[in-house]
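I opened the notebook to record what I looked up in this structure, entry by entry. The sequence and the coordinates come before my notes.

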Amino acid sequence: MPTFPAARPFKGVFPVAPTVFDAAGALDLDGQKRAIDCMIDAGSHGICILANFSEQFVLTDDERDRVMVTVLEHVAGRVPVIVTTTHFSTAVCAERSRRAQERGAAMVMIMPPYHGATFRVPEASIYDFYRGVSDAISIPIMVQDAPVAGTPLSVPFLARMAKEIGNLAYFKIEVPQAAAKLRALIEAGGDAIEGPWDGEEAITLMADLDAGATGAMTGGAYADGIRQVTDPYFAGDREAAMDAYQRWLPLINYENRQCGLAACKALMKEGGVIAHETVRAPLPAMHPATRAGLIEIARRLDPLVLRWGK
């Protein structure tokens, strides 16, 4: 299989790692290391931690730091690690990003500042926010353009930031019609768009690749399956990529539409990677019938995650 160097520009499959908890909902750092090892063994070109699919919003600041340090030390340079450092405050986000860089992060991923349903800042303040974080670090910033932020980020605005803010170079596009936005962003930003990336568990992967995406940030359970799509695509064999996408799309769809962030933990628990698939309250546990459907679909594809711990 073709591989990508662990150096800029970062390309390929960079799944989001789950944050692993024990049965009581406390951090399970040994389980965290096993999850990371499984993801690397499955062919992840890199890994993203502390993202929304990592349940970053249920972690204390101390827990975030413990997860970050544990993962970066355990990975020890085997693959690049992206650390999500999103926060409403420019100062807090900059400090989180600086600390991530000091600990060995290859990149930080940041949503625009938002809070709740109505707290937003104007475009000029978003620009200053990203510029302030960029001034504090020397590693690249990935803008996470996600519906959860509720903050419109137009293509001209994103392209301008890419051209004018030194470290802002990667873009994870998760909004509706992501392929159209990726295509327009690449056209508007040119060489300043170092990394146009697909998001949302690869539900729109083929369309996004056709639009020019060079990276995919998916759920953490089956990088080996996603690589069956991206490897041939980047090697110029679109037909093989499409065939693989058709095989894996039922699982991708089930994760995206039925399970959400709990899918990765359920698959890792089923495969003996982690001891518990706990999601932290108030998130609800996956319904047993939904879980059974996920495992049924996954077994037909035989991803490494279902065999790794057995």
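The entries below take up the sheet, the pockets, one annotated site and some backbone details.

**Entry 1, the sheet.** I noted before anything else that this is a predicted model. I then looked up the strand order and found an open sheet of eight strands, which reads E1-E10-E9-E8-E7-E4-E3-E2 and has parallel pairing. At the edges stand strand E1 (12-13) and strand E2 (47-49), each with a single partner strand, so one side of each has no neighbour in the sheet. I followed the E2 edge inwards and found that E2 runs parallel to E3, the two being joined by three bridges. For a landmark in that pairing I wrote down Cys48, whose bridge partner in E3 is Ile82.

**Entry 2, strand E8 and its neighbours.** Is strand E8 buried or exposed? I found that six of the six residues of E8 (residues 168-173) are buried, so the strand is largely enclosed by the rest of the structure; the cut-off for buried is under 20% relative accessible area. On one side I looked at strand E7 (residues 141-145), which pairs with E8 in the parallel sense over five bridges, and I marked Val143, whose bridge partner in E8 is Phe171. Between E7 and E8 the chain passes through helix H5 (residues 155-164), and I recorded this β-α-β crossover as right-handed. I then turned to strand E9 (residues 195-198), which pairs with E8 over four bridges, again in the parallel sense. The landmark I kept here is Lys172, with Trp197 as its bridge partner in E9. Helix H6 (residues 178-189) joins with E8 and E9 in a β-α-β unit that is right-handed.

**Entry 3, the largest pocket.** I looked up the volume of the largest pocket and found about 590 Å³ of space. Its lining is made up of 30 residues, and those closest to the pocket centre are Asn52, Gln56, Met111, Tyr114 and Val148. I also checked which elements contribute, and strand E5 (114-115) and helix H9 (238-259) each supply at least two residues of this lining. Sorted by class, the lining of the largest pocket holds 13 nonpolar, eleven polar and six charged residues.

**Entry 4, the second largest pocket.** Here I found about 190 Å³ of space. I counted 13 lining residues for this second largest pocket, with Asp61, Arg64, Asp65, Arg96 and Arg99 nearest its centre. Two or more lining residues come from each of helix H2 (61-75), strand E3 (81-84) and helix H3 (90-103). Which element gives the largest share of this lining? I found that H3 does, with five residues. By class, I wrote down five nonpolar, two polar and six charged residues for the lining of the second largest pocket.

**Entry 5, the annotated site.** I looked up the UniProt record, an unreviewed entry, which places the feature "binding site" at Met217. In the model I found Met217 in the loop between strand E10 (215-216) and helix H8 (223-234), and Met217 counts as buried, at 1% relative accessibility.

**Entry 6, cis peptide bonds.** I found that the peptide bond from Arg8 to Pro9 is cis, with omega near -5 degrees, and that Pro9 lies in the segment before E1. The bond from Ala281 to Pro282 is also cis, with omega near 15 degrees, and I placed Pro282 in the loop between helix H10 (262-270) and H11.

**Entry 7, positive phi.** I noted Ala76, a residue other than glycine with a positive phi, near 50 degrees; Ala76 is in the loop between H2 and E3, where it counts as exposed at 60% relative accessibility. Glu201 also has a positive phi, near 60 degrees, and is likewise not a glycine. I located Glu201 in the loop between E9 and helix H7 (205-211), and at 11% relative accessibility Glu201 counts as buried.

**Entry 8, Arg299.** I closed with Arg299, which lies in helix H11 (residues 288-299) and is partly exposed, with a relative accessible area of 43%. From C-alpha to C-alpha, Arg299 and Val71 are 28 Å apart in space, and they are 228 residues apart in sequence.

Conventions
Residues are numbered from 1 along each chain as its sequence is written. This is a predicted model: local features need pLDDT of at least 70, side-chain atom pairs count only at pLDDT 80 or more; totals for chains, interfaces and linings use all residues. Side-chain values use heavy atoms; hydrogens and water are left out. On a 1 Å grid over the protein atoms alone, a cavity is a set of points where a 1.4 Å probe fits but cannot get out, and a pocket is an open set with protein on both sides within 12 Å along at least five of seven lines; lining residues have an atom within 4 Å of a point. Grid points are joined across faces, edges and corners, and a volume is the space filled by probe spheres set on the points. Ala, Val, Leu, Ile, Met, Phe, Trp, Tyr, Cys and Pro count as nonpolar, Asp, Glu, Lys and Arg as charged, and the others, Gly among them, as polar. Buried means under 20% relative accessible area, exposed over 50%, partly exposed in between (1.4 Å probe, protein chains only). Two strands pair if DSSP finds at least two bridges between them. A crossover is right-handed if, with the strands pointing away from the viewer, the path from the first strand over the helix to the second runs clockwise. UniProt positions are given in the numbering used here, feature names are shortened, and annotations may be inferred rather than shown by experiment.
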